[in-house]
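Thanks for making the time this morning. I would like to walk through one model with you, going through the sheets, then the helices, and then the ligand.

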Amino acid sequence: MALLEVEDLEVYYDSEDGPVKAVDGVSFQIEAGETVGIVGESGCGKSTLAKALIGILPKNGYINGGKILFKGEDLTDMPEKRRRALRWDEISLIAQSAMNALDPVYTIREQILEAIDAHYPKMGRSEAQDIIDESFDLVGLDRDRQTDYPHQFSGGMRQRAMIAMSLVLEPSLILADEPTTALDVIMQDQILKRINGIQQESDTAMMVITHDVAVVAETCDRVVVMYAGELAEEGPSEFIFGEPYHPYTLGLKSAFPDIRRSEQDLVSIGGHPPDLSNPPSGCRFAERCPLATEVCREESPPAVEHGELRSFCHHTDRIDAELRSVASKAR
Ligand code: ATP
Ligand code: MG
């Protein structure tokens, strides 16, 4: 049994134009100790997926269908109390806006202690203090700064504190949503490597959401490529970055190392993702795809397997001849 099994998950948002289908029929698994990267353009549903997994969707967001099995328990129909007990302890989130998630009126140490207390009310102070010390060491924060308030920390330090907090209870799964600022992106790399280090000792799994594909290539065992709320392709990093079978993945590849900065590099796949409140039938990528034909506009793509790669495309057999050679020349 995988640590996490996401099955046909649908996460929608209510809006005036009808439901926004931000995650629409997504399935994948994460094994214990594994690091899985989630990539795809802005708005494709990455944060929505993470929020649904940890149960912090905004008011207008809801799970429309599917399952999220964590150690065999379905998170989608679990009582809120049980779910809250799993948060931090079993699944923790390093949020996209992690820097703002600290409470300004308590010191960092008080906040971490509170998280420990909530889950291990019987733990003694000195044991708790040891854990906090260790977690500060781990993220490279000076132990002396534990009694600081969040405003005394720089943005980067706050983020490290959040990460320390998310590691303190040794969760089985860490969800890391990408930092937004350039400064944090540099730090993200260091911190992911640190987390990678402890993962090996503790069998912690991690799901990393990032625009920085270089980071994914370096730190992730497997990669899930999302497009417009759906899976485009999924498989081991070396194949996703080496020989993908989905034209979208290939397009992303030519936008390496940073998808966000290189809109001009994405000319190979010009255009924009579809409106998620009214997505096209058939393949959602068809409108932008150099390989698209009639069938793509009419029928949802099947999952095609090439070794360990799963590619949702009608034309994986044409990618070699028509696209890969062109893409490698362009690089
Ligand atoms: P980014 O890379 O920019 O962080 P993302 O992949 O994390 O993007 P999401 O934030 O998950 O994307 O958004 C997915 C889709 O859901 C987008 O179309 C977005 O506009 C929409 N969306 C997100 N939050 C809400 C909300 N609260 N209400 C309605 N629509 C929303
Ligand atoms: Mg996001």
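Let me begin with a question: how many bridges join strand E1 to strand E4, and in which direction do the two strands run? There are 8 bridges between E1, which covers residues 4–13, and E4, which covers residues 61–70, and the two run antiparallel. Before going further I should say that this is a predicted model, so please keep that in mind throughout. Within the E1 and E4 pair, you can find Glu 7 facing Lys 67, the latter sitting in E4.

That pair belongs to an open sheet of 4 strands, in which the order is E2-E1-E4-E5 and the pairing is antiparallel. At the edges we have E2 and strand E5, residues 73–74, each of which pairs on one side only. Helix H1 lies across this sheet's E1, E2 and E4, and with respect to E2 it runs at about 65°.

There is also an open sheet of 8 strands, and here the pairing is mixed, with the order E6-E7-E8-E3-E9-E10-E12-E11. Its edge strands, each pairing on one side only, are E6 at residues 91–94 and E11 at residues 303–306. If you ignore direction, neighbouring strands in this sheet are turned against each other by 20° on average.

Towards the E11 end of that order, two pairings are worth following on the screen. Strand E10, residues 230–236, is joined to strand E12, residues 309–312, by 2 bridges, and these strands run antiparallel; in that pairing Glu 233 stands opposite Ser 311 of E12. E11 and E12 are likewise antiparallel and are joined by 4 bridges, with His 306 placed opposite Leu 309 in E12. E11 and E12 make a hairpin that leaves 2 residues between the strands, and in its turn Gly 307 has a positive phi of about 60°.

Which strands of the sheet does H1 touch? H1 packs on it through contacts with E3 (35–39), E6, E7 (173–176), E8 (205–209) and E9 (222–227), and the direction of H1 makes about 145° with that of E6. Helix H5 packs on the sheet as well, touching E6 and E7, and its direction makes about 175° with that of E6.

Let me now turn to how the helices meet one another. The axes of H3 and H5, the latter covering residues 155–167, come within 10 Å and cross at roughly 20°, which makes H3 roughly parallel to H5. The crossing of this pair is right-handed. On the H3 side the contact is made by Ile 108, Gln 111, Ile 112 and Ala 115, and on the H5 side by Ala 161, Ala 164 and Met 165. Sorted by character, the residues of this contact are 6 nonpolar and 1 polar, with no charged residue.

H3, at residues 108–119, also packs against H4, at residues 125–138, where the angle is about 120° and the axes are 10 Å apart. Why are H3 and H4 described as oblique to each other? The angle of about 120° falls outside the ranges that count as roughly parallel, roughly antiparallel or roughly perpendicular, and the two helices are therefore oblique. H3 passes H4 in a right-handed crossing. Here Arg 109, Ile 112, Leu 113 and Ile 116 of H3 meet Ala 128, Ile 131 and Ile 132 of H4, and the residues of this contact divide into 6 nonpolar, 1 charged and no polar. Ile 112 thus appears in the contact with H4 and also in the contact with H5.

Finally, the ligand. Which residues come nearest to ligand 1? Of the 15 residues around it, those are Tyr 13, Ser 42, Lys 46, Ser 47 and Thr 48. The elements that give two or more residues to this shell are E2, residues 20–30, and H1, residues 46–54, and H1 gives the most, with 3 residues. By character the shell around ligand 1 consists of 6 nonpolar residues, 8 polar and 1 charged.

Notes
Residues numbered from 1 in each chain as written. Chains lettered and ligands numbered in written order. Predicted model: local features only at pLDDT ≥ 70, side-chain atom pairs only at ≥ 80, totals over all residues. Near = placed C-beta within 6 Å. Nonpolar A, V, L, I, M, F, W, Y, C, P; charged D, E, K, R; others polar. Axes fitted to C-alpha atoms, helices over the stretch in contact; angles between N-to-C directions. Parallel < 35°, antiparallel > 145°, perpendicular 65-115°, else oblique. Left-handed = near helix turned anticlockwise from the far one by under 90°. Contact = placed C-beta atoms within 7 Å. Pairing = 2+ DSSP bridges.
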